Amino acid sequence: MARKHVERGFLWIVACALSGYGCMVEGEFLEDLVPSGPDLGVSALETRCGDSLRQGKEACDDGNTAPGDGCDTACEVEICWTCEEVLPGARSTCGPQCDAAAGQSCVMGACVSCSDGVRNGYETDVDCGGSCAPCTQGLACGKEGDCATGFCSGGVCCNEACGAACIRCDLEGSVGICAYVPENETHEDRACGGGVSVCDGKGACKNVATQACTKGIECLSGKCLGGVCQ
Ligand SMILES: [Ca+2]
Ligand SMILES: [Ca+2]
């Protein structure tokens with residue numbers, strides 16, 4: 001029975017040695033192993049972060065436990081860094097993940113550039129806005145500074161401020177140009193106010209039939225009868 005324990009225990013130790021994650025040996029097997037099993041140097045399998053040997057669960061080991069150099073205090077590779085070893089298990093050498101000389105910067109672990117033809121990083125449109133050069137008129141923006149025109153309205157770079165009800169810069173067919181919201185349509189971003197008023201197609205808000213009025217000009221129909229738009 002003891003022999004069987006030794007064999008099972010031995011195989012188990014080999015398996016966990018190969019795994020590189022260290023072992024927990026139960027008392028029953030340990031007793032059998034100590035006198036008759038080979039010395040596998042279990043203690044040598046212990047990993048220690050900062051010992052210049054990348055072992056076990058360590059993603060890197062650059063010979064120190066200081067963070068900020070690509071390999072952190074727990075021997076994890078830090079974001080926006082990459083680490084490698086000349087030989088498996090050797091000391092790690094870490095460097096920036098992205099190629100700064102090629103205009104790349106690292107944003108949340110991704111290499112981005114203002115000239116890669118992709119909207120990435122903090123760009124508001126492809127290769128512009130955010131930390132890149134301002135976007136041209138008609139391209140997407142999040143704030144005035146994202147636009148070469150200096151105006152960001154409705155999420156696009158606009159030719160002018162375009163900041164009132166019934167005018168908008170993101171209308172299909174005229175993106176980037178401040179234009180009148182079509183007649184009888186509403187402007188959901190900037191309500192006309194006073195209930196369900198609609199735009200007149202000329203940049204003004206008007207009331208529709210059954211809404212209250214005092215003059216015809218307040219009504220989309222132009223007719224105000226008995227205090228009610230017709
Ligand atoms: Ca380090
Ligand atoms: Ca880009």
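I take a residue as buried under 20% relative accessible area, exposed over 50%, and partly exposed in between. By that scale I entered Cys106 as partly exposed, because its relative accessible area is 26%. I note at the outset that the model is predicted.

**Entry 1. The chain as a whole**

I began with the secondary structure of the protein chain and found two helices and twelve strands. Reading along the sequence, I wrote the order down as α-α-β-β-β-β-β-β-β-β-β-β-β-β. I then looked up burial: of the 230 residues in the protein chain, 29% are buried. For the accessible surface I recorded about 13600 Å², with 55% of that area belonging to carbon and sulfur atoms. I also checked the contacts between residues at least 6 apart in sequence, and 18% of these join residues at least 24 apart.

**Entry 2. Calcium ion (ligand 1)**

Which protein atoms are the donors of the calcium ion (ligand 1)? I listed Asp62 (OD) twice, Asn64 (OD1), Ala66 (O), Asp69 (OD) twice and Cys71 (O). These donors lie 2.2 to 2.9 Å from the ion. The spacing of the donor residues in sequence is D-x1-N-x1-A-x2-D-x1-C. I looked up the accessibility of two of these residues. Asp62 has a relative accessibility of 8% and therefore counts as buried, while Asn64, at 27%, counts as partly exposed.

**Entry 3. Calcium ion (ligand 2)**

I turned next to the calcium ion (ligand 2). Its coordinating atoms are Ser113 (O), Asp116 (OD), Val118 (O), Asn120 (OD1), Glu123 (OE) twice and Asp127 (OD). I noted a distance range of 2.3 to 2.7 Å for this set. Along the sequence, the donor residues are spaced S-x2-D-x1-V-x1-N-x2-E-x3-D. Again I checked two of them for accessibility. Val118 is partly exposed, at 42% relative accessibility, whereas Asp127 is buried, at 17%.

**Entry 4. Disulfides**

How many disulfides does a search of the whole structure find? I recorded 14. I examined several of them individually.

The sulfur atoms of Cys80 and Cys106 are 2.1 Å apart, and the two residues form a disulfide. The torsion about their S-S bond is about -85°, so I entered the disulfide as left-handed. Cys80 is placed in the loop between helix H2 (27-36) and strand E1 (81-84), and Cys106 in strand E3 (residues 104-107), so this pair ties together parts 26 residues apart in sequence.

Cys98 and Cys111 form another disulfide, with their sulfur atoms 2.0 Å apart. I noted -95° about the S-S bond, a left-handed link. The pair links distant parts of the chain, 13 residues apart: Cys98 is in the loop between strand E2 (93-96) and E3, and Cys111 is in strand E4 (residues 110-113). Cys98 is buried at 12% relative accessibility, and Cys111 is partly exposed at 29%.

For the disulfide of Cys141 and Cys152, I recorded a sulfur separation of 2.0 Å. Is this link left-handed or right-handed? Its torsion about the S-S bond is about 95°, so I classed the disulfide as right-handed. I located Cys141 in the loop between E4 and strand E5 (152-153), and Cys152 in strand E5, so the parts tied together are eleven residues apart in sequence. Cys141 is buried, with a relative accessible area of 11%. Cys152 is likewise buried, with a value of 16%.

**Entry 5. Met108**

I located Met108 in the loop between E3 and E4. Because its relative accessibility is 70%, Met108 counts as exposed. What does Met108 contact, leaving aside its neighbours within four places in sequence? I found Ile79 and Cys80. Met108 and Cys80 are 28 residues apart along the chain, and their C-alpha atoms are separated by 7.2 Å. I had already entered Cys80 as a partner of Cys106 in a disulfide.

**Entry 6. Gln211**

My last entry concerns Gln211, which I placed in the loop between strand E10 (205-206) and strand E11 (224-225). Is Gln211 buried or exposed? Its relative accessible area is 13%, so I recorded Gln211 as buried. I then looked for a partner of its side chain. A polar atom of the Gln211 side chain lies 2.8 Å from the backbone nitrogen of Val208.

Terms used: Residues numbered from 1 in each chain as written. Chains lettered and ligands numbered in written order. Predicted model: local features only at pLDDT ≥ 70, side-chain atom pairs only at ≥ 80, totals over all residues. Heavy atoms only, no water. Helix = DSSP H or I, 4+ residues; strand = E, 2+ residues; numbered from the N terminus. Buried < 20%, exposed > 50% of the residue type's maximum accessible area, 1.4 Å probe, protein only. Polar contact = N/O pair within 3.5 Å; in protein donor to acceptor, adjacent residues only side chain to side chain. Donors = N, O, S within 2.8 Å, 3.2 Å for Na, K, Ca; no water. Disulfide = S-S within 2.5 Å. Contact = heavy atoms within 4.5 Å. Areas by Shrake-Rupley, 256 points an atom, 1.4 Å probe, with all protein chains shown as cover.
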